[in-house]
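This report covers the chain contacts, the helix packing and a few single residues of the model shown below.

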Amino acid sequence: MYQLLFFVFAGAAVGFAINLLLQRHPIHSALSLIGVMASLASLYLMLGAEFIAAAQIIVYAGAIMVLFVFVIMLLNAGEEERTQRSRFAKYLGLPLILLLVTSMAAVIYRQVPQDAMVRFGDFPGRTADIGRRLFLNYLLPFEVVSIVILVAIIGTVVLARKDSETEGPGKAVVSEK
Amino acid sequence: MPAEYIPIVIFLVLATLFPVVTLLAAKLVRPSSPYAAKLRPYECGIEPESDSRGRYTVRFYIIAILFVIFDVETIFLFPWAVQFKTLGVFGLIEMLIFLGILVVAYIWVYAKGALEWV
Amino acid sequence: MSPLMVLFALAKIVVILLVLLTVVAYAVWFERKLLAHMQCRWGPTRVGPHGLLQPLADAIKLLTKEDLTPSEVFPLVYLLAPFLSLVTALLAFAVIPFGPETRVGGMDLFQIADLDIGVLFILSVSSMGVYGIALAGWSSNSKYSLLGGLRSSAQMISYELAIGLSIIGVLLLTGSLSLRAIVENQAGAYWGFLPRWNIIPQFAGFVCFLVAAIAETNRLPFDLPEAETELVAGYHTEYSSMKFGMFFMAEYANMVTASCLATLLFFGGWHGPVFGPAILQALLPLLWFSLKVLFFLFLYVWIRATLPRFRYDQLMAFGWKFLVPLALGNLVVTSLVLAIRWS
């Protein structure tokens, strides 16, 4: 049962990811990416990591993807233009990807000890466990996060300041095309 | 997947089926006689001047970035709030440092005028 | 989970879904009637006694209207948007407990699923609801829709933040994200007569939550996305027939969810005086819960009838400069008070 569900969601994630690359219009790619995030959240849920799954939906599918969709809505990003594919990419692209994937798989396979398998449903991912681990074992990374967020906020303000200089107050919401 | 999610999946399926069935049922009874003028986007009765998908103000984008940033901050508050009793004063001080840095950032954003709409 | 239990769950879900859809349909009647009386009008009177069959007539009308798909829309996205809106609005109900734990055959009667992350589940579902509105606005290829969709999604994400922050205070008091645990924590009374509802220690959090919930559901005075005088009908200008009906149902379902959430988090859920024979004792909690939810629905209409609409820059300033700091302050004060009390 769990194996079956795992392959359903993993297959959905990979399928959405491939669809993301194939779609020509950015909105369809963005929707596929939301699909990838949702499938990943389902996989986390199957492991028993409920909080991580909810955080995945709220932060990735709910917040970061809103940003993507906003860009598409605001900029009127049109159909993607395809260039004439280079011969190099055409003949070497697929073999190189296969090489990359197999080497990654080999490394991961060697790194993971055989007896320490994660079982479905008994991952210590309840909100309370996360809270205890985050605030006792991983204190420094947590505080560093606030610095990272601070840097991001500074970046936002820089963007906002440039905007107010060029536009000035009182400008209509819809700008001229 | 923990067993308590099975009813949620059933609920999701039923909630999706409801609009599908309604739309299909409506398809059987409703009229359909479209013509070009009827299908034109609404613009108070006149011919639409241009394609509606133009370029709009970047303010919305900045709101979205600020939302992403503060949303990440909020998500850290949830496990802390749940474990508040066990973590005690130590956890409180940790969180106050975390929030302190962000409140400084918030005040700075406020002072710089990034929250002004126009 | 045995097949019998799955069948039982299925029956329960069908009942809850039917009740929910009826409540949503009558919420429209309730609002029209109440609003009319507040404005010295009669409201719907023609269809049935006191217009009680009006929701049915509305449903038939919506079903038999022509469904137009304007030219130059993105067909897939245009179709997906109302689905996303309605399904996410309904899905939030999966974790809402309507009454105390009443187990029949090992299964809880008044709740579909008691999740360890109940509150986060509702937040994550509602964060997906933003896409319904944003995509509807964008895919319609109408200027009104696009502006309405942009405004609405920016408003929803801003106030989602305030909602998340205002709930933290309650979580600090309870120490659990499960909605059932949150309600059970509000049992009993202070000094023997004042109910231990979270609204008393968390009044600032409650005000913040209520305002943000009204904005999140795009209701007056925060209904900028569909401000009729400027944007025709906002993000659903180009939607007709049942697709429009789906947005309409989603809006009212979101209102009901927000009312339920306010009841559960701050108003003690189903707690109230329970007395009399066993059957009455089992049913009274349900009555208290429904009455409290009805009170919040009444509040929605009352506010709509009283307050004029905000301007968009006022709305954004209110959310970012008042509600977010208020919720943050409330959270810090609550945690400090609790730390002093518990140490």
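The contact between chains C and B takes 63 residues from chain C and 52 residues from chain B, where two residues are in contact if their C-beta atoms, placed from the backbone, lie within 7 Å. The model is predicted: local features need pLDDT of at least 70, side-chain atom pairs count only at pLDDT 80 or more, and totals for chains, interfaces and linings use all residues. Residues are numbered from 1 along each chain as its sequence is written, while chains are lettered from A and ligands numbered from 1 in the order in which they are written.

**Contacts with chain B**

On the side of chain C that touches chain B, the elements giving two or more residues are α1 (3-38), α2 (54-64), α3 (75-91), α5 (143-174), α9 (241-266) and α11 (312-342) of chain C. Helices (H or I, at least four residues) and strands (E, at least two) are DSSP runs, numbered from the N terminus. α5(C) supplies the largest share of this side, 13 residues. By class, this side of chain C has 42 nonpolar, 13 polar and 8 charged residues; Ala, Val, Leu, Ile, Met, Phe, Trp, Tyr, Cys and Pro count as nonpolar, Asp, Glu, Lys and Arg as charged, and the others, Gly among them, as polar.

Chain A also touches chain B, with 47 residues of chain A in contact with 42 residues of chain B. Two or more residues on the chain A side come from each of α2, α3 (50-75), α5 (127-137) and α6 (139-167) of chain A. The largest share there, 16 residues, belongs to α6(A). The side of chain A that touches chain B divides into 32 nonpolar, 10 polar and 5 charged residues.

**Chain A and its helix α2**

Chain A has 6 helices and 0 strands. Of its 177 residues, 28% count as buried, a residue being buried if 20 or more other C-beta atoms lie within 10 Å of its own, exposed if 12 or fewer, and partly exposed in between, with C-beta atoms placed from the backbone. Among the contacts in chain A with a separation of 6 or more, 61% are between residues 24 or more positions apart.

Helix α2 (residues 26-47) of chain A has 22 residues and reaches 32 Å from its first C-alpha to its last, close to the 32 Å expected at 1.5 Å a residue; the expected span is 1.5 Å times one less than the number of residues. In α2(A), 16 of the 22 residues are buried. Gly48(A), which follows α2(A), has a positive phi, near 95 degrees.

**Helix pairs**

One helix pair joins chains B and C. The axes of helix α4 (residues 84-112) of chain B and α11(C) come within 10 Å and cross at roughly 155 degrees. Axes are lines fitted to C-alpha atoms, for helices over the stretch in contact, and angles run from 0 to 180 degrees between N-to-C directions. α4(B) and α11(C) are therefore roughly antiparallel to each other; angles under 35 degrees count as roughly parallel, over 145 as roughly antiparallel, 65 to 115 as roughly perpendicular and the rest as oblique. Their crossing is left-handed, a term used if the near helix is turned anticlockwise from the far one by less than a right angle, with right-handed used if clockwise. The α4(B) residues in this contact include Phe84(B), Leu92(B) and Tyr110(B), and those of α11(C) include Lys321(C), Leu338(C) and Trp342(C). The contact comprises 9 nonpolar, 1 polar and 2 charged residues.

Within chain C, α3(C) packs against helix α4 (residues 118-139) at an angle of about 155 degrees, with the axes 8 Å apart. The crossing of α3(C) and α4(C) is left-handed. The contact of α3(C) with α4(C) has 14 nonpolar, 6 polar and no charged residues.

**Single residues in chain C**

Ala253(C) is in helix α9 of chain C and counts as buried, with 25 C-beta neighbours inside 10 Å. Its C-alpha atom is separated by 8.0 Å from that of Leu21(C), 232 residues apart along the chain. Not counting residues up to four places away in sequence, Ala253(C) touches Leu20(C), Val24(C), Ala89(C) and Leu90(C).

Most residues other than glycine have a negative phi. Two residues of chain C that are not glycine have a positive phi.

| Residue | Phi | Loop | C-beta neighbours within 10 Å |
|---|---|---|---|
| His50(C) | about 55 degrees | between α1 and α2 of chain C | 13, partly exposed |
| Asn218(C) | about 60 degrees | between α7 (203-216) and α8 (228-231) of chain C | 23, buried |
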